[in-house]
Amino acid sequence: MAKKKKSSKQRTDFRKHHQGRVRQGDLTRDFAGGKELADLSHGERVSGKGDLTRKRTVIAESEADAAIAEAELMTGRVISAHGLKSKVMTDDGTMYECAIRQVLKSLSIDGRSAVVAGDHVWFRAQSPQDGMIERVGDRHGIICRTSRGQQHVIVANIDYLLIIASAAQPGLKPVLIDRFLLTAKQCDVEPVIVINKVDLVDTAPLQPIIGAYAALGYRVLMTSAESGMGVDYLRELLHGKQTALAGQSGVGKSSLLNVVQPGLGLAIGRVSTDNDKGRHTTTSSQLIPLAGGGAVFDTPGIRQFQLWDISAGEVAGLMPDVRPYVSACRYPNCLHLSEDDCAVKDAVADGRIDARRYDAYCHLLEDDLLTITR
Ligand SMILES: Nc1nc2c(ncn2[C@@H]2O[C@H](COP(=O)(O)OP(=O)(O)OP(=O)(O)O)[C@@H](O)[C@H]2O)c(=O)[nH]1
Ligand SMILES: [Zn+2]
């Protein structure tokens, strides 16, 4: 017991000393660190005799070994994880293709991935391009989806989900914003709504919709990558934060980042005229470190994120404006569509719930969720 405490303190001290940007307590999934491996190698000598002095000496030796082993590790952030290979970027922007140590893989619990995009990892460089991940930091702010009962983490360690929409080309689709809001709520990541391309429209008609979101407590920004409107505010907001980008193709995600951080040079696509839908120019995950701190995660997995993981019965509870009424419905499993004595429909009828939001709710259930589960 005492031995364990000491070793975790040593790790914490080491971490504080060497890994300034990683918070204390980040290393609880410490399956394969030098300490454990050192303990294994000294196992017989330690447990065989019960000689306390010798035991202490061996522990001290193994801790020294562990410190040396740890000192050889490099830190980085996982950009993408595919099967057993991960792309890891170090603080100075060097990319490594990393394998995952077997013990990490075998200790990954209930089918969850041992390593996911966004993870902070400690790895051993094996060549200028290759490495072996030895340790994964604790996760917070996980954006995930569940399909066929399996949870897939798309990206970890995220503070904001930046939901980017555009006022025109493609036109504003509040339904899409609502979907991403549900995702953010479900993942417990703070959403920020950005309405871009406001240079193309008269903004007066946007005010009611912006007001409705703001009244629900969401942060809403109007921006233009073209005129620069709202860009300083956005830059300030992203400063020091870990942000994941969401939004339909062509709304200007890359353009906005390029003006938030001049010199970035992300590829800008043309909006497809084919049914106003466009096609994502960005096809692989990117981690964009921001000058002055923070980073933006741009991954196709979130760009194309759908409501895979939300069941029809859960949606109302995730909408702050609808949630207060659901417990007053006659039927506990009321979906607030065509049921009798529905408190949600009553609230829509007398204006306590915004009719547009309720419409979006109905569409979502009828078009997506109920048809998928049928
Ligand atoms: N007028 C105007 N055009 C913009 C603005 N932002 C982006 N655009 C244009 O919109 C088109 C798409 O911009 P992108 O930045 O590639 O959009 P995206 O969201 O990154 O697109 P994907 O990579 O496909 O997901 C480009 O032609 C941009 O020049 C804006 O604020 N105003
Ligand atoms: Zn109801």
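This passage describes the overall make-up of a predicted model, followed by one enclosed strand, a group of annotated residues and an exposed loop position.

In the predicted model, the protein chain contains 13 helices and 13 strands. Of its 374 residues, 36% are buried. Among the contacts in the chain with a separation of 6 or more, 63% are accounted for by residues 24 or more positions apart in sequence.

Strand β8, which spans residues 160-166, is largely enclosed by the rest of the structure, because seven of its seven residues are buried. The burial extends to both faces of β8, with Y160, L162, I164 and S166 covered on one side and L161, I163 and A165 covered on the other. Two strands pair with β8 in parallel: β9 (residues 190-196), to which β8 is joined by seven bridges, and β11 (residues 242-246), to which β8 is joined by four bridges. Individual residues of β8 can be placed within these pairings, in that I164 has V194 of β9 as its bridge partner, whereas L162 stands opposite L245 in β11. The connection between β8 and β9 includes helix α5 (residues 174-187), and the three elements together make a right-handed β-α-β unit.

A second region of interest is marked by annotation. An unreviewed UniProt entry places the feature "binding site" at C329, C334, H336 and C342. Of these positions, C329 lies in the loop between α11 (323-326) and α12 (343-349), and C342 is found in the loop between α11 and α12 as well. C329 is buried, because 20 other C-beta atoms lie within 10 Å of its own and the cut-off for burial is 20 or more. C342 also counts as buried, with 21 C-beta neighbours inside 10 Å. When neighbours within four places in sequence are left aside, C342 is in contact with C329, C334 and H336, which are the other positions named in the UniProt feature. With the same exclusion, the contacts of C329 comprise C334, H336, E339, D341, C342, A343 and V344.

The loop between α9 (300-303) and α10 (312-318) contains S311. This serine is exposed, because 12 other C-beta atoms lie within 10 Å and a residue with 12 or fewer is classed as exposed. S311 and L365 are separated by 54 residues in sequence, while their C-alpha atoms are 8.9 Å apart in space.

How values were computed. Residues are numbered from 1 along each chain as its sequence is written. Chains are lettered from A and ligands numbered from 1 in the order in which they are written. This is a predicted model: local features need pLDDT of at least 70, side-chain atom pairs count only at pLDDT 80 or more; totals for chains, interfaces and linings use all residues. Two residues are in contact if their C-beta atoms, placed from the backbone, lie within 7 Å. UniProt positions are given in the numbering used here, feature names are shortened, and annotations may be inferred rather than shown by experiment. Two strands pair if DSSP finds at least two bridges between them. A crossover is right-handed if, with the strands pointing away from the viewer, the path from the first strand over the helix to the second runs clockwise.
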